[in-house]
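Work through the exercises below with the model open. Each task is followed by a solution in steps.

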Amino acid sequence: MCLFSYDDDPDPDEQALAGLLLYVPVRPEGAGSVLRLFRTPLGERTAVGFTRRDLMIATLGTGQQAMVLAEPALRALTVPLGVGRLVVDPVLSARAVTAESVDVPVRAL
């Protein structure tokens with residue numbers, strides 16, 4: 001451990017915390033996990049993170065897998081994908097859109 005701090009040191013011995021730690025929803029894919037992206041009510045793509053695992057489970061359900069990422073790391077992963085918005089601790093989510101067909105009765109005029 002270094003006793004002295006130098007402003008021009010690019011790799012200090014003691015580093016500050018990397019930011020807010022978030023539980024980030026992921027889904028299993030092939031050899032690993034893939035970050036889940038969501039949409040705002042207006043259709044804008046967004047990344048989502050939760051400050052506590054129980055908040056994520058309450059919103060997305062018990063089967064949701066997650067990984068812990070620092071907020072700057074999550075932004076670094078999503079910005080190249082064109083996702084600039086990050087929502088922390090959302091409380092509402094809509095059901096996933098499915099490809100199931102729905103029979104709607106047609107009325108003759």
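**Exercise 1.** Find the bridge partner of G49 in strand 6, then place that pair in its strand pairing.

*Solution.* Step 1: G49 is bridged to V88 of strand 6. Helices (H or I, at least four residues) and strands (E, at least two) are DSSP runs, numbered from the N terminus. Step 2: strand 4 and strand 6 (residues 85-88) run parallel and are joined by 4 bridges; two strands pair if DSSP finds at least two bridges between them.

The model is predicted: local features need pLDDT of at least 70, side-chain atom pairs count only at pLDDT 80 or more, and totals for chains, interfaces and linings use all residues. Residues are numbered from 1 along each chain as its sequence is written, and side-chain values use heavy atoms, with hydrogens and water left out.

**Exercise 2.** Describe how strand 3 is joined to strand 4, and state why strand 4 is largely enclosed.

*Solution.* Step 1: strand 3 (residues 37-39) runs antiparallel to strand 4, with 3 bridges between them. Step 2: L37 has A47 of strand 4 as its bridge partner. Step 3: the hairpin of these strands has 5 residues between them, and G43 takes a positive phi near 95 degrees there. Step 4: strand 4 (residues 45-49) is largely enclosed by the rest of the structure because 4 of its 5 residues are buried, where buried means under 20% relative accessible area, exposed over 50%, and partly exposed in between (1.4 Å probe, protein chains only).

**Exercise 3.** Give the strand order of the open sheet of 3 strands and identify its edges.

*Solution.* Step 1: the order is 2-1-5, with antiparallel pairing. Step 2: strand 2 (32-35) and strand 5 (65-70) are the edge strands, each pairing on one side only. Step 3: on average, neighbouring strands of this sheet are turned by 50 degrees against each other, direction ignored. Axes are lines fitted to C-alpha atoms, for helices over the stretch in contact, and angles run from 0 to 180 degrees between N-to-C directions. Step 4: strand 1 (residues 21-29) pairs with strand 5 over 6 bridges in the antiparallel sense, and L22 stands opposite L69 in strand 5.

**Exercise 4.** Which strands does helix 2 touch, and is T78 buried or exposed?

*Solution.* Step 1: helix 2 (residues 71-78) packs on the sheet and touches strand 1, strand 2 and strand 5; contact means heavy atoms within 4.5 Å. Step 2: the direction of helix 2 makes about 105 degrees with that of strand 5. Step 3: T78 lies in helix 2 and is buried, at a relative accessible area of 3%. Step 4: neighbours within four places in sequence aside, T78 is in contact with L35, L37, A47 and V83.
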